[in-house]
Amino acid sequence: VVISVGGIFLLKTMQSPPTVQTPPPAPSPQPQPSEASDFTLSEVEGWKTYDGVYPIHFLYPKNLKLSEGDADYSSSIRLWNPLGDDRDNEFSISMLNESSLYYRSAAQLVQEKQQEGFTKEKDLYVDGILASQLKGIVTPNTFIAQRMTNQVILQVDSTVYSIVNWRSEENSEIFQRLISSIRFTENSATESTADWQTYRNE
């Protein structure tokens with residue numbers, strides 16, 4: 001009886017190999033935002049430097065004209081080709097602060113653009129600050145024709161920046177160089193003079 005039972009147990013053991021547990025596949029790595037592409041000095045040779053009234057510095061092609069100004073809804077910097085239509089921007093930088101008439105955060109502005117049909121191309125860092133780059137067709141009006149544009153949207157403290165390439169297909173490389181040259185200066189003056197003492201001629 002013992003031999004028979006042992007034989008049955010042995011037969012069952014041979015017929016039922018142990019189950020091997022297969023580990024679940026590792027999750028695919030998610031793409032991480034990268035810093036805006038660097039440029040070589042030869043690629044921006046002869047470019048001008050914006051160092052104006054707004055807390056932002058950048059390089060731009062010497063053939064473009066620049067203007068800046070404030071309005072109820074935003075402050076802006078315009079770059080246009082003087083050989084073309086004066087109203088026809090090549091690039092622009094709009095700045096919304098909390099006192100702006102139509103202020104919304106960078107996240108709200110990105111969502112608004114997506115609702116208008118823009119697609120989010122990628123996340124990137126501009127001067128170390130996370131930004132979103134979108135692509136879409138602007139609605140034509142008195143000042144602009146219908147065309148494909150790129151927009152980089154980010155927020156520095158309470159100021160929201162919308163940096164637009166109004167000629168997506170023609171100015172793609174120039175736009176990337178302009179974006180990668182941007183440096184924000186909002187906090188630099190405060191930080192660099194925080195420990196300074198006031199001099200009085202007494």
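**Exercise 1. Work out which residues L154 touches, leaving out those up to four places away in sequence, and place L154 in its core.**

Step 1: Contact here means heavy atoms within 4.5 Å. With residues up to four places away in sequence left out, L154 touches A106, V126, I129, L130, A131, T159, V160, Y161, I163 and F184.

Step 2: A quick word on the model: it is predicted, so local features need pLDDT of at least 70 and side-chain atom pairs count only at pLDDT 80 or more, while totals for chains, interfaces and linings use all residues. Residues are numbered from 1 along each chain as its sequence is written, and side-chain values use heavy atoms, with hydrogens and water left out.

Step 3: A nonpolar core is a set of buried Ala, Val, Leu, Ile, Met, Phe, Trp, Tyr and Cys residues joined through side-chain atoms within 4.5 Å. Buried means under 20% relative accessible area, exposed over 50%, and partly exposed in between (1.4 Å probe, protein chains only). The largest core has 24 residues, and L154 is listed with I56, F58, V126 and I182 as touching the most other members.

Step 4: Among the elements that each supply at least two residues of this core are β3, β9 (148-156) and α3 (172-180). Helices (H or I, at least four residues) and strands (E, at least two) are DSSP runs, numbered from the N terminus. A second, separate core of 11 residues includes A106, L109, L134 and W166.

**Exercise 2. Is F118 buried or exposed, and what does F118 touch?**

Step 1: Find F118 in the loop between α2 (106-115) and β7.

Step 2: Check the accessibility: at 6%, F118 counts as buried.

Step 3: List the contacts, again skipping residues up to four places away: K113, L134, K135, G136, I137, V138, T149 and Q151. F118 and L134 are 16 residues apart in sequence, yet their C-alpha atoms are 6.2 Å apart.

**Exercise 3. Take the salt bridges of E90 and R177, and say where the partners sit.**

Step 1: A salt bridge is a side-chain nitrogen of Lys or Arg within 4 Å of a carboxyl oxygen of Asp or Glu. The whole structure has 8 of them.

Step 2: E90 pairs with R167, with the closest N and O atoms 3.2 Å apart. E90 lies in β6 and R167 in the loop between β10 and α3, so this pair ties together parts 77 residues apart in sequence. Both E90 and R167 are buried.

Step 3: R177 pairs with E173 at 3.3 Å between the closest N and O atoms. They're 4 residues apart in helix α3, so about one helical turn separates them. R177 is buried at 19%, whereas E173 is exposed at 57%. Shared partners join E43, E173 and R177 into one salt-bridge network.
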